[in-house]
Amino acid sequence: IRYSSISSRRTGSDGHNILDLSAFNTDGFDVTGRNVWIHDCNIWCQDDMIAVKDGNVTSENMIFERINGTGVGLTIGSIGGNTSHVRNITFRDSYLYKTFKGIYFKFRNTNDSFVEDILVENIVMDQPEQWPIWIGPAQQSDSRNLCRANPCSICWPFLPGAKCRGQPNSAYRNITLRNISINQPKQGAGVLLADDTFPMTDVTFDNVRVNPCRKPQVQNSKDAFPLIPDDLLHSDEYVTLFLVAITFSALVLVGLTLLVIWKKCSFHSARFWYSKSASKVRYAIITFEIVFLPIIAWLVHTSLTVTNPGSYYVCEGINNGIAKGDTWPVPPCFEDLTSSGAGLSADHCTYFRVDSTVGVALTVVVFAIAGFLLVLLSYRSNYELIDIHNPDDDVHGHIESGEKNEDSEMPPLGHNGVRAGIANTEEYSPPSDSLDCSEETQQKSEYSEETCQLREHESVDANT
């Protein structure tokens, strides 16, 4: 197969968001059998770009080269069933643009299956969105429980309790990755996971290089996929309209809900903070802090660990793993035979990364402070709502000066004798003393015109 193109682009996203990836089973080329050669093809899909499958016969002697693709990876698998055998497969001289996964080898539930004699060389990946390298169990969902591990949950590692395990009764043997360049990955270098009783053996990484801040080789999708016509590279207009409609409806629903809550609870009124509802709000804030802070801290720790380009998230069940040449980072379960100074040296850019422990600490402190301030604010509002009939309260001083009492820190009285923002259902009797508001007195500036007008309003309200 040659000079062919496949496009199942779903949205205008220049990559693979959740809506894109909901187009399940949009594989590019799925092949099984012997003596297969696919070259000089462009593939934009939402699943495996090329997938070598198992079948009734051994899948062997295949070459895939000069492939420009984006999707869920250059894939072997998922391999399962009884006595499935895949061998002598080569991927080379290819470019992956903002792919979801990159190199993706996967076993599903199987019995006595093998993948061996695999070569992947001369591959460039720009800005892969998930794991650039995944060799292990199939991360998939095939039941109503989306997070069920079969054998690796698609919710792993972000959802607490989600599981991912090496697949027993299956083995990878003699796997070589050579001259692999991974530029600006959004997550860590990858996952290498096998069952301890059926380990992955003889795995070699030669010049497998993660470049955290090297600029992409290609700047846009049009240049990355020259064989796909422009009219096939655009998004699906029906999906776009559906997305716009759903987004607009959601925003309207959220807006109306917030408006109802605002009107119902009167958060803007001091009377709310003086009510029993304010206590419920305080309890809710404290409960949130106690219950969700550990979960938030765990998610932050996981996210920072997963997105560290300087490490492999998992490296388990490997026998005789070797890293050599300019490989960086070196998988922790590999023997390090890299050349001197093969780490993140001066000829490569440096990158800034928040350590997971520091990130968790900062997150906990920020959320804890925010919760403390909210609780303090509600108590402060409650504290300031003192009884206006308190004999120690300088009512006349408030009326005559129009200023709040410095000692009580109370707001000035309104024209009806009630402090600003305070609802008081009890009767209010204005002070018995009267002000001399004659013209002569006002001219002598003993009382201001505003003060006299205020007293007149109070008298009318009291009589009413």
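An open sheet of nine strands runs through this predicted model, in the order E1-E3-E5-E7-E9-E11-E13-E15-E16 and with parallel pairing. Strands here are DSSP runs of E with at least two residues, helices are runs of H or I with at least four residues, and both are numbered from the N terminus. Two strands count as paired if DSSP finds at least two bridges between them. At the edges sit strand E1 (5–7) and strand E16 (335–338), each pairing on one side only. On average, neighbouring strands of this sheet are turned by 20° against each other, direction ignored; the axes behind that angle are lines fitted to C-alpha atoms (for helices, over the stretch in contact), and angles run from 0 to 180 degrees between N-to-C directions. At the E16 edge, strand E15 (residues 318–325) pairs with E16 in the parallel sense over four bridges, and isoleucine 322 stands opposite glutamate 335 in E16.

The model also has an open sheet of seven strands, again with parallel pairing, ordered E2-E4-E6-E8-E10-E12-E14. Strand E2 (29–31) and strand E14 (314–316) are its edge strands, and each pairs on one side only. The average turn between neighbouring strands of this sheet is 15°, direction ignored. Three bridges hold E2 and strand E4 (residues 50–52) in the parallel sense, with phenylalanine 29 taking isoleucine 50 in E4 as its bridge partner.

As for the numbering and cut-offs, residues count from 1 along each chain as its sequence is written, and side-chain values use heavy atoms, with hydrogens and water left out. Since the model is predicted, local features need pLDDT of at least 70 and side-chain atom pairs count only at pLDDT 80 or more, while totals for chains, interfaces and linings use all residues.

Taken as a whole, the protein chain comes to ten helices and 16 strands. Of its 464 residues, 43% are buried, where buried means under 20% relative accessible area, exposed means over 50%, and partly exposed is in between (1.4 Å probe, protein chains only). The accessible surface is about 24,500 Å², with 55% of that belonging to carbon and sulfur atoms; areas come from the Shrake-Rupley method with a 1.4 Å probe, and for residues only the protein chains shown count as cover. Among contacts (heavy atoms within 4.5 Å) with a separation of 6 or more, 76% are between residues 24 or more positions apart.

One long-range case is asparagine 207, in strand E13 (residues 200–211). Its C-alpha is 7.7 Å from that of tryptophan 328, although the two are 121 residues apart in sequence. Not counting residues up to four places away in sequence, asparagine 207 touches Asn179, Ile180, Lys324, Gly325, Asp326 and Thr327. Asparagine 207 counts as partly exposed because its relative accessible area is 27%.

Turning to the surface, a nonpolar patch of about 1,100 Å² is made by Phe158, Tyr283, Ile286, Phe288, Ile290, Val291, Phe292, Ile295, Trp298, Leu299, Val366 and Phe367. Helix H6 (276–306) and helix H7 (356–384) are the elements that give two or more residues to this patch, and H6 has the largest share with nine residues. Patches take residues with over 30% relative accessible area and no salt bridge, joining like charges within 9 Å and nonpolar side chains (Val, Leu, Ile, Met, Phe, Trp, Tyr) within 5 Å. Valine 291 lies in H6 and is partly exposed because its relative accessibility is 43%. Threonine 302 is also in H6, yet with a relative accessible area of 3% it is buried. Leaving aside neighbours within four places in sequence, threonine 302 is in contact with Pro157, Phe158 and Tyr313.

The count of salt bridges comes to 13, each being a side-chain nitrogen of Lys or Arg within 4 Å of a carboxyl oxygen of Asp or Glu. Aspartate 14 forms one with arginine 9, with the closest N and O atoms 3.9 Å apart, and another with lysine 98, at 3.4 Å. The pair with lysine 98 links distant parts of the chain, 84 residues apart: aspartate 14 is in the loop between E1 and helix H1 (18–21), and lysine 98 is in the loop between strand E7 (85–97) and strand E8 (103–111). Aspartate 14 is partly exposed at 25% relative accessibility, whereas arginine 9 is buried at 14%. Glutamate 65 and arginine 66 form a further salt bridge, their closest N and O atoms being 3.6 Å apart. Asp40, Glu65, Arg66 and Arg92 are joined into one network by salt bridges that share partners.
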